[in-house]
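Dear colleague,

Please find below the structure that I am handing over to you. My notes on its aromatic rings follow directly after it.

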Amino acid sequence: MPLMSVFSRLASRRAMALLGTVASGFAVLAPAAGAQAASLGVAAPNPDRRIGLKAGIWDAGQAEWNMHLLSTTRPSEKFLGQVNSDLAFSGPYAIQGSFAGYQVWDISNPARPALKTAFFCPASQSDVSVYKNLLFVSAEAETARLDCGGQGVEASVSSERIRGIRIFDITDIANPKYIANVQTCRGSHTHTVLADPKDPDNVYVYISGSAGPRDPKELAGCSNLSPSKDPNSPLFRIEVIKVPLAHPEKAAIVSSPRIFNDLTKPAIHGPTAADKAELDQARAQGRFVVDIEGETHVLSDRFVKPILDSVVKARGGSAPTAADSATLRRELPGIIKVMFGITDDDPNAGPTQCHDITVYPSIGYAGGACEGYGLLLDIHDPAHPVRIDAAADSNFSYWHSATFSNDGTKVLFSDEWGGGGAPKCRSTDPKEWGADAMFTIDASHKMHFQGYYKMPAAQTPQENCVAHNGSLIPIPGRDVMVQAWYQGGLSVFDWTDPKHATEIAYFDRGPIDGTRMSMAGSWSVYWYNGAIVSSEIARGLDVLELTPNPMLTANEIDAAKTVHMDYLNAQGQPKFVWPASFALSRAYTDQLERSHGLSANGLTAVRSALSEAELKSGVDRRESLNKLAGRLDGDARGSSDPAKVQLLAKSVRDLASASR
């Protein structure tokens, strides 16, 4: 029916987040940035430069600390005013998803990105991934068309609709070829590309759909029933697509693992006193309010208007009446259930979907961020991922994404409290909510909670702000990450000690609109071959660089730049390996100065020896470096940081071996 149709076209948790607001939480003030940085011996600017920034889309105030904005490139013509989404990287290119399609930017010169192509192909949310000559693009909205047309799909059942994955051949990246698609019942909100080291002929794509299932008359086998009533229900499962690299047009679903089996509904937090007051005010004003999985949402006018218009159209009217509003309020609960695939069969059932699944093939793990749970998966058999542990946390609202430490002994999950469309970094918001939670992973593959991290500067009610996508920065010997916080900006933090994560750099702008909340900010940010690239939802593409400081030295940044990636996907984590370099040895030396692992005289001797060796060549360099490595072996025994001294000794010995 028309009312359901309009809701369904907007369906997905992301759409709800973009267009609504969410309530939650008791008040706990976020810690000051200075208090966090002080744990590394350096105080952050006080007062925080992010407080009180001027609003504006192109002239907003900006704050930088230990990082520098190199460029901001506005979207191309057809993408201006659309929602930019996630990023993927291949060679010199950054591929930026958008609800209008995707854009390919040449970032060889990070100060002047050049548009390579803008491929118009509307869908939500067009998350992108690459593997060799293939580009994968998610499609979830019911308006998305197989032919990439912009006119949408009006019929509730249509052969013109795509909800699933599009596959492009980008051998000529300036002229992508749309070669195949795979349809799924719930569409693809996000996806994960998994290249199995043991299977070079295929790649696998994990599909996470968060919208309600489509009509079985459109795609056979789809239903909105629970598995107890329909064993083939698309609820409570993910889809695994196998893509033959020689014939990607033959890509097809090969399994639908039910990785949520036996999980029960986790405890959740309630609204804050401030949010309760906002809800009471919204109800008093007659606004539309809905409950979704234990959280109360006040629907924005932008979200309600097209649905209310459809009610008016259905009765042949020209303007909404009180009766139309009453009709909408009456039908809202049922519509919400269909939108999100909520069933009444088992009120204690756990998650029916994942948002992100981050794969780390080198260690055989995946981290599934799945509604009320963070999952640890074994992916040694890529077509049949197996859950090996699960964690719930009443401080979390919506487990969104995962990042592993480089050695695979820790995993960080982010909580997209409010779904991304709400301001959850206000001074009254709890620091444990909408934050990151860090876990260690033991030898039995069990996760153990260690601590939280939340960007520390309070944001205004006009700024959507919550933990979102980011990546590790290959700083040797440390776990350092850059993360997007929507209009909370970018935060770089060290979580080597997961109990005491510490911010070490940031970039932020003022709200896009100083009078009301309007969607903008960084959707995602990633380190890629020396550049920090951010997808700004409204403003385009930002490229930044780290600047040296006592908490992150020039040597550590230079060592990070020696790690080269041929490609990078948001939900695929590569293992960093640092080639032998003088920058690497100097980075470890700087870290030993920070940890007091060597005496002042010892540090001076190491630095002098490295400088002298660098001026030499061949046998002379090799002998000098081996002599230094031998001396460090002895120093390790008397050091308070022996592991780091041994890393330094190994890096020096590797440098000697590489010397010719």
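Both Phe99 and Trp523 lie buried in this model, which is a predicted one. Their ring centres are 6.4 Å apart and their planes stand at 70 degrees; since an angle over 60 counts as edge-to-face, the pair is therefore assigned to that class. The two residues come from distant parts of the chain, with their positions 424 residues apart. Phe99 belongs to the loop between β5 (93–98) and β6 (101–106), whereas Trp523 is part of strand β30 (residues 522–528).

A second pair is formed by Phe449 and Tyr452, with 4.8 Å from centre to centre and 55 degrees between the planes, and this pair is classed as tilted. Phe449 has a relative accessibility of 39% and is partly exposed. Tyr452 is likewise partly exposed, at 22% relative accessibility. Both residues also belong to a cluster linked by ring pairs, together with Phe396, Trp399, Phe413 and Phe439.

In total, 21 aromatic pairs were counted in the model.

Two contacts between a charge and a ring should also be reported. The charged end of Arg50 is placed over the ring of Tyr506, at 3.6 Å from the ring centre. For Arg74, the charged end lies over the ring of Trp58, and the distance to the ring centre is 3.9 Å.

Yours sincerely

Methods:
Residues are numbered from 1 along each chain as its sequence is written. This is a predicted model: local features need pLDDT of at least 70, side-chain atom pairs count only at pLDDT 80 or more; totals for chains, interfaces and linings use all residues. Side-chain values use heavy atoms; hydrogens and water are left out. Rings of Phe, Tyr and Trp (its six-membered ring) pair if their centres lie within 6.5 Å; planes under 30 degrees apart count as stacked, over 60 as edge-to-face and the rest as tilted. Helices (H or I, at least four residues) and strands (E, at least two) are DSSP runs, numbered from the N terminus. Buried means under 20% relative accessible area, exposed over 50%, partly exposed in between (1.4 Å probe, protein chains only). A charge sits over a ring if NZ of Lys or CZ of Arg is within 6 Å of the ring centre and within 35 degrees of the ring normal.
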